[in-house]
Amino acid sequence: MFQIKDELYWVGVKDWGLKSFHGTHFLTPRGATYNSYLIKDKKIALVDAVFEPFAGDYVDKLAAEVGLENIDYIICNHAEIDHGGALTALMNRIPETPVYCTAKGKDIIKAQHHREWNFVTVKTGDTLDLGRNKLTFIEAPMLHWPDSMMTYVSGANVLLSNDAFGQHYATSEFFNDEVDQCILYDEALKYYANILTPFGRLIQPKVNQLSGLNVPIDMIAPSHGLIWRTDPMQIVNKYLEWADAYHEGHVLILYDTMWGNTEKMAHAIAAGVEQAGVPYKVLRTNKLPKSDIVTEVFKAKGILMGSSTMNNTVLSDIAGLVNEFKGMRFRGKHAAAFGSYGWSGEAPKIASKLLQEAKFNVELEPLRILFTPDAEQLERCRRFGNQFAISLG
Ligand code: FEO
């Protein structure tokens, strides 16, 4: 148990060994934490639990350090199993303890755990008095799931924001001011890009709602990673920036290639982008995990996507990635497609169509080259890259 502030304690788990999250979907080379919080007031409230594989140790530790029978309320801000997974083990020991959650949360918890517990469903503005501290619940649907909510602890003046403002970053430290800021922001951005991009339109209204509460926020304590103690609003301001069709101004040239011809095109295209004075990155799809590619697309202003044609279609890495991009619902990004082919040459057109379906702004006709580009064809590639970069304005 680690004291965060006043009567607020961290009772979570540091998962140093976690290397991927959401199955194999999101690589987490720096591990993760499942932050569970305890408010030890006249009444004791436990806010969020931990991932199911840690349930046994988590419950035993709470029993030893707090006494499970002393926990008056369990608050489930979000039922996804990285937080709610330990509920069955916990509730088996204290089945009568009320579980506070949203109405959606109750549905999801029941569908996951198949138990009838003493649920108390709450809405935005509902409160729970603990003594010196009072909890105020704020629904936050789709940040990250339909059931999500945040809990504001007045008295301690801490916002327990659940998934929002988190990072997958296990450290021995607890606070944002204790770690390398580059790593912290690298992880916070990667987390936002991969988890919250599809729900970006909800960020501004939620921040407005939080501001409208007119309450002091001394800390923002998410359910993953470091707690924002120094200048906690810095991460809120970053979220507003990230949610507003964010880009860092550069072009990402992302390709897969069979025999190196599409790769030759990629480098010639990059030369054209460079001649326009626009920064760029060149990335082959097999060089980074998918979650890092999503992060790279999130940071780019435009992407040029290359694929050889194989069996009349795009290479499978490209198809999988564009499908992923479609789900991410990126906003305000430009794109175009290119690729080398041997006889039928469908891939650039298909990639172009897939990019349009994924809501990229596609204006340039796709560029395709038969087999190995010669000097004149490489010049066409250069002009293609140049035209694309200039079109970004
Ligand atoms: Fe950290 Fe949406 O769970």
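## Salt bridges and pockets in a predicted model

In this predicted model, R132 is exposed, with a relative accessible area of 51%. Its salt-bridge partner is E7, and the closest N and O atoms of the two residues are 2.4 Å apart. The pair connects distant parts of the chain, 125 residues apart: E7 belongs to the loop between β1 (2–5) and β2 (8–10), and R132 to the loop between β12 (127–129) and β13 (134–139). Unlike an exposed residue, which must have over 50% relative accessible area, E7 is buried at 18%.

A search of the whole structure finds 17 salt bridges. Among them is the contact between K5 and D6. K5 is buried, with a relative accessible area of 18%, whereas D6 counts as partly exposed at 41%. Another joins E241 to K238. Both of these residues lie in helix α7 (residues 233–242), where a spacing of three residues places them about one turn of the helix apart. E241 is partly exposed, with a relative accessible area of 39%, and K238 is likewise partly exposed, at 26%. In addition, a network of salt bridges links R30, D186, E187 and K190.

| Salt bridge | Closest N to O distance |
|---|---|
| K5 and D6 | 3.4 Å |
| E7 and R132 | 2.4 Å |
| E241 and K238 | 3.4 Å |

The pockets are described next. The largest pocket has a volume of about 290 Å³. Its lining comprises 17 residues, of which M258, T309, Y341, G342 and W343 are the closest to the centre. At least two lining residues come from each of α8 (261–275), β20 (309–310) and β22 (334–341). By class, the lining of the largest pocket consists of six nonpolar and eleven polar residues, with no charged residue.

Strand β22 also runs parallel to β24, to which four bridges join it. Within this pairing, S340 stands opposite I369 of β24. The side chains of β24 (residues 367–370) alternate: L367 and I369 point to one face and are buried, while R368 and L370 point to the other face and are not buried.

The second largest pocket holds about 160 Å³ of space. Its lining is formed by T197, P198, F199, G200, R201, L202, R329, F330, R331 and K359. These divide into four nonpolar, two polar and four charged residues. Because domain 1 (2–242) and domain 2 (251–388) both contribute residues to the lining, the second largest pocket lies between the two domains.

Definitions and conventions:
Residues are numbered from 1 along each chain as its sequence is written. This is a predicted model: local features need pLDDT of at least 70, side-chain atom pairs count only at pLDDT 80 or more; totals for chains, interfaces and linings use all residues. Side-chain values use heavy atoms; hydrogens and water are left out. On a 1 Å grid over the protein atoms alone, a cavity is a set of points where a 1.4 Å probe fits but cannot get out, and a pocket is an open set with protein on both sides within 12 Å along at least five of seven lines; lining residues have an atom within 4 Å of a point. Grid points are joined across faces, edges and corners, and a volume is the space filled by probe spheres set on the points. Ala, Val, Leu, Ile, Met, Phe, Trp, Tyr, Cys and Pro count as nonpolar, Asp, Glu, Lys and Arg as charged, and the others, Gly among them, as polar. Domain bounds come from an automatic or database domain assignment. Buried means under 20% relative accessible area, exposed over 50%, partly exposed in between (1.4 Å probe, protein chains only). Two strands pair if DSSP finds at least two bridges between them. A salt bridge is a side-chain nitrogen of Lys or Arg within 4 Å of a carboxyl oxygen of Asp or Glu.
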